[in-house]
Amino acid sequence: MNQQAFNYGSYLQLDKILDAQHPRSKPEEHDEHLFIVIHQVYELWFKQLIHELDHLHELLNEGFTDRAGAVLNRMLKIMKTVVAQIDVLETMTPLDFLSFRSFLEDASGFQSLQFREMEFALGYKRRSTLDALEGTPRWESLKKRYDGPSLWDAFLKLLEGSGYQVGPRPDVTQPVTADPAVQEVLLDMYRNNVKLRRVAENLVDLDEGLQEWRYRHVKMVERTIGRKPGTGGSQGVAYLQSTLNPFFPDLWEIRSRF
Ligand code: HEM
């Protein structure tokens with residue numbers, strides 16, 4: 001057989017992927033390999049989620065609500081998959097983690113460009129986060145997400161295109177916050193437009209899936225390092241608890257109004 005031929009390994013570039021696990025602990029601590037692999041798998045899923053988010057924007061802009069719903073559902077399934085992976089990492093005890101933690105130095109998920117890209121694309125924009133990461137690889141694409149409309153902005157545009165009186169947000173670089181005027185429109189839409197309501201419910205599903213990830217992550221952090229500060233320099237659990245907020249607050253605010 002011709003070893004140079006195009007095949008499974010070359011198509012997937014497995015030589016690169018399987019050569020990318022380099023534990024730093026000396027002597028090597030057994031669990032560091034798991035820690036690296038889990039984070040790499042996460043980053044691959046983040047990449048896929050960003051890919052889906054871009055597609056979703058196009059579909060919403062073109063008014064293809066059924067297909068947009070299918071993409072949102074796929075994103076939710078990915079979130080469920082990555083949440084389930086926390087169970088694997090939780091097999092690592094605090095002592096297992098401590099055995100190599102110092103080798104991580106200042107490195108932390110805090111610095112995940114793709115995670116921030118997702119947050120910005122979903123509408124959770126923060127200038128301070130953008131500035132703090134300046135100079136790191138992929139920063140330009142993060143800046144593009146910051147400057148561009150978020151998923152929530154695309155949804156508002158879809159509503160407007162369907163005849164609802166909801167203007168664009170005046171500044172798309174601002175974080176999405178609850179807006180009583182938008183909530184009035186949503187209440188009307190939920191009662192009268194089944195297709196748009198379905199998309200809105202898919203957004204709620206995804207939002208809940210993202211919050212589930214945040215919740216499970218903070219619990220994993222608490223059981224692994226307790227109340228110690230993070231390697232990224234934050235307060236750790238206290239900081240992470242402050243991030244347990246919805247991405248699309250209006251869709252949650254209206255729940256008590258039906
Ligand atoms: C034992 C495992 C883990 C521990 C102890 C841990 C700890 C922490 C801590 C303390 C923070 C707060 C920032 C800091 O000061 O460092 C943080 C943030 C973060 N971690 Fe983890 N983490 C773990 C696993 C993971 C995994 C598997 C991922 C997947 C990519 C991840 C992604 C993130 C992200 C994206 C943030 C930023 C969250 C935000 O700012 O809202 N972490 N982590």
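Which side chains meet in a salt bridge with an N to O distance of 2.9 Å, one of them being Arg255? The partner of Arg255 is Glu201. A salt bridge here means a side-chain nitrogen of Lys or Arg within 4 Å of a carboxyl oxygen of Asp or Glu. Before going on, a word on what you're looking at: this is a predicted model, where local features need pLDDT of at least 70, side-chain atom pairs count only at pLDDT 80 or more, and totals for chains, interfaces and linings use all residues. Residues are numbered from 1 along each chain as its sequence is written, and side-chain values use heavy atoms, with hydrogens and water left out.

Let's step back to the overall layout. The chain has 13 helices and 0 strands, with helices (H or I, at least four residues) and strands (E, at least two) taken as DSSP runs and numbered from the N terminus. The C-alpha trace spans about 65 × 55 × 35 Å along its principal axes. Of the 258 residues in the chain, 43% are buried. Buried means under 20% relative accessible area, exposed means over 50%, and partly exposed is in between (1.4 Å probe, protein chains only).

Now back to that opening pair. Arg255 sits in the segment after H13 and Glu201 in helix H11, so to speak two distant parts of the chain, 54 residues apart, linked by the pair. Arg255 counts as partly exposed because its relative accessibility is 33%, and Glu201 is partly exposed too, at 30%.

Helix H11 is worth following further. This helix covers residues 194-225 and holds His217. The iron atom of the ligand has a single donor from the protein, and that is NE2 of His217, 2.2 Å away. Donors are N, O and S atoms within 2.8 Å of the metal (3.2 Å for Na, K and Ca); water is not among the atoms, so sites may look incomplete.

Helix H11 also contributes Arg216, which forms a salt bridge with Asp87, the closest N and O atoms being 2.9 Å apart. Asp87 belongs to helix H4 (residues 65-89), so here's another link between distant parts of the chain, with 129 residues separating Asp87 from Arg216. Asp87 is partly exposed at 45% relative accessible area, and Arg216 is partly exposed at 22%.

There are plenty of other charge pairs to look for, as the structure holds 20 salt bridges. One of them joins Arg227 to Glu222, with the closest N and O atoms 3.6 Å apart. Arg227 counts as exposed because its relative accessibility is 57%, while Glu222, at 27%, counts as partly exposed. Elsewhere, salt bridges link Asp54, Glu117, Arg138 and Arg145 into a network.On to the aromatic rings. A search of the whole structure finds 15 aromatic pairs. Rings of Phe, Tyr and Trp (its six-membered ring) pair if their centres lie within 6.5 Å; planes under 30 degrees apart count as stacked, over 60 as edge-to-face and the rest as tilted. Take Tyr42 and Trp213: their ring centres are 6.2 Å apart and their planes stand at 65 degrees, which means the pair is edge-to-face. Tyr42 comes from helix H3 (residues 30-61) and Trp213 from helix H11, and the pair links these distant parts of the chain across 171 residues. Tyr42 counts as buried, with a relative accessibility of 9%, and Trp213 is buried at 12%.

Tyr124 and Phe247 make another edge-to-face pair, because their planes are at 90 degrees, with the ring centres 6.3 Å apart. Tyr124 lies in the loop between helix H6 (113-122) and helix H7 (127-132), and Phe247 in the loop between helix H12 (237-241) and helix H13 (249-253), so the pair ties together parts that are 123 residues apart in sequence. At 26% relative accessibility Tyr124 counts as partly exposed, whereas Phe247 counts as buried at 7%. Both belong to one aromatic cluster, together with Trp152, Phe155 and Phe248.

A ring can also have a charge over it: the charged end of Arg67 sits over the ring of Phe64, 5.0 Å from its centre. The test is that NZ of Lys or CZ of Arg is within 6 Å of the ring centre and within 35 degrees of the ring normal.

Last stop, the surface. Phe6, Tyr8, Tyr11 and Leu12 form a nonpolar patch there, with about 550 Å² of accessible area together. Patches are made of residues with over 30% relative accessible area and no salt bridge, joining like charges within 9 Å and nonpolar side chains (Val, Leu, Ile, Met, Phe, Trp, Tyr) within 5 Å. Accessible areas come from the Shrake-Rupley method with a 1.4 Å probe, and for residues only the protein chains shown count as cover. Phe6 is found in the segment before helix H1 (8-11), and Phe6 counts as exposed because its relative accessibility is 64%.
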